[in-house]
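I opened this model to take notes on its surface, its main pocket and a few spacings. The entries follow in the order I looked things up.

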Amino acid sequence: MHLSAPQTLILILAVAVGAQLTRWLPFLLLPEGKEIPKTVEYLGKLLPAAAMGLLVVYCLRNVSLFAPSHGIPEAAAILAVGLLHWRKGNVLLSIAGGTALYMVLIQTVFA
């Protein structure tokens, strides 16, 4: 699909306006000094855990216990993420460690 020059310009402007709106809207709706609504506070506590749960389910959706690896690399990576986060408390280290272990396992042990 090829866009004409005016269509391309409109698309770029729409994306720019959308990006700026999502950056400014929280400051416009919740100015400093104004009390944060209870709903927003509740969602701020609930959504991070829900997003992590959704990501775990999404990552494990195609794991088959009947495939040759029986889900062992995935289970080991999940365990590594949990242990690293429990010991170090660093999200980036936990994710990187679990990912590295998973990649090593599927590239070498379960290849």
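I started with S64, which sits in the loop between α2 and α3. This is a predicted model, so I read every value here as computed from it. Is S64 buried or exposed, or something in between? I noted a relative accessible area of 31% for S64, so S64 is partly exposed. The cut-offs explain the call, because partly exposed covers what lies between under 20% for buried and over 50% for exposed. I then took the spacing from S64 to W24. The two are 40 residues apart in sequence, and their C-alpha atoms are 44 Å apart in space.

I stayed in the loop between α2 and α3 and turned to F66. F66 has a relative accessible area of 79%, so I put F66 down as exposed. How far is F66 from I10 in space? I got 50 Å from C-alpha to C-alpha, with the two positions 56 residues apart in sequence terms.

H70 was my next stop, again in the loop between α2 and α3. I wrote down a relative accessible area of 45% for H70, which means partly exposed. The backbone caught my eye here. Phi of H70 is near 55 degrees, a positive value in a residue that is not glycine. I added a reminder that most residues other than glycine have a negative phi.

Next I moved to helix α1, where I looked up Q7. At 43% relative accessibility, Q7 counts as partly exposed. I paired Q7 with M52. They are 45 residues apart in sequence and 37 Å apart in space, C-alpha to C-alpha.

L29 is also found in helix α1. Why does L29 count as exposed? I found 54% relative accessibility for L29, and the exposed class begins over 50%, so the label holds.

That led me to the nonpolar surface patch. Which residues make the patch? I listed L21, W24, L25, L28, L29, L30, I36 and V40. Together they make a patch of about 760 Å². Helix α1, residues 5–29, gives the largest share of the patch, with five residues. So I have two entries for L29: L29 is exposed at 54%, and L29 is part of the nonpolar patch. W24, my partner for S64 in the spacing above, is in the patch too.

I went on to the largest pocket. How much space lies in the largest pocket? I recorded about 690 Å³. The pocket is lined by 17 residues, and V56, C59, I78, V81 and I95 are the closest to its centre. Three elements give two or more residues to the lining: α2 (38–60), α3 (72–88) and α4 (91–109). Of these, α4 gives the most, with six residues. I also sorted the lining by class. I counted twelve nonpolar residues, four polar residues and one charged residue.

I closed with I106 in helix α4. I106 has a relative accessible area of 27%, which means that I106 is partly exposed. Where does I106 lie relative to L29? The two C-alpha atoms are separated by 47 Å, and the residues are 77 apart along the chain.

Notes: Residues numbered from 1 in each chain as written. Predicted model: local features only at pLDDT ≥ 70, side-chain atom pairs only at ≥ 80, totals over all residues. Heavy atoms only, no water. Patch = residues over 30% accessible without salt bridge, like charges linked within 9 Å, V, L, I, M, F, W, Y side chains within 5 Å. Areas by Shrake-Rupley, 256 points an atom, 1.4 Å probe, with all protein chains shown as cover. Salt bridge = Lys/Arg side-chain N within 4 Å of Asp/Glu carboxyl O. Helix = DSSP H or I, 4+ residues; strand = E, 2+ residues; numbered from the N terminus. Buried < 20%, exposed > 50% of the residue type's maximum accessible area, 1.4 Å probe, protein only. 1 Å grid on protein atoms, 1.4 Å probe; cavity = no way out; pocket = protein on both sides within 12 Å on 5 of 7 lines; lining within 4 Å. Points joined across faces, edges and corners; volume = space filled by probe spheres on them. Nonpolar A, V, L, I, M, F, W, Y, C, P; charged D, E, K, R; others polar.
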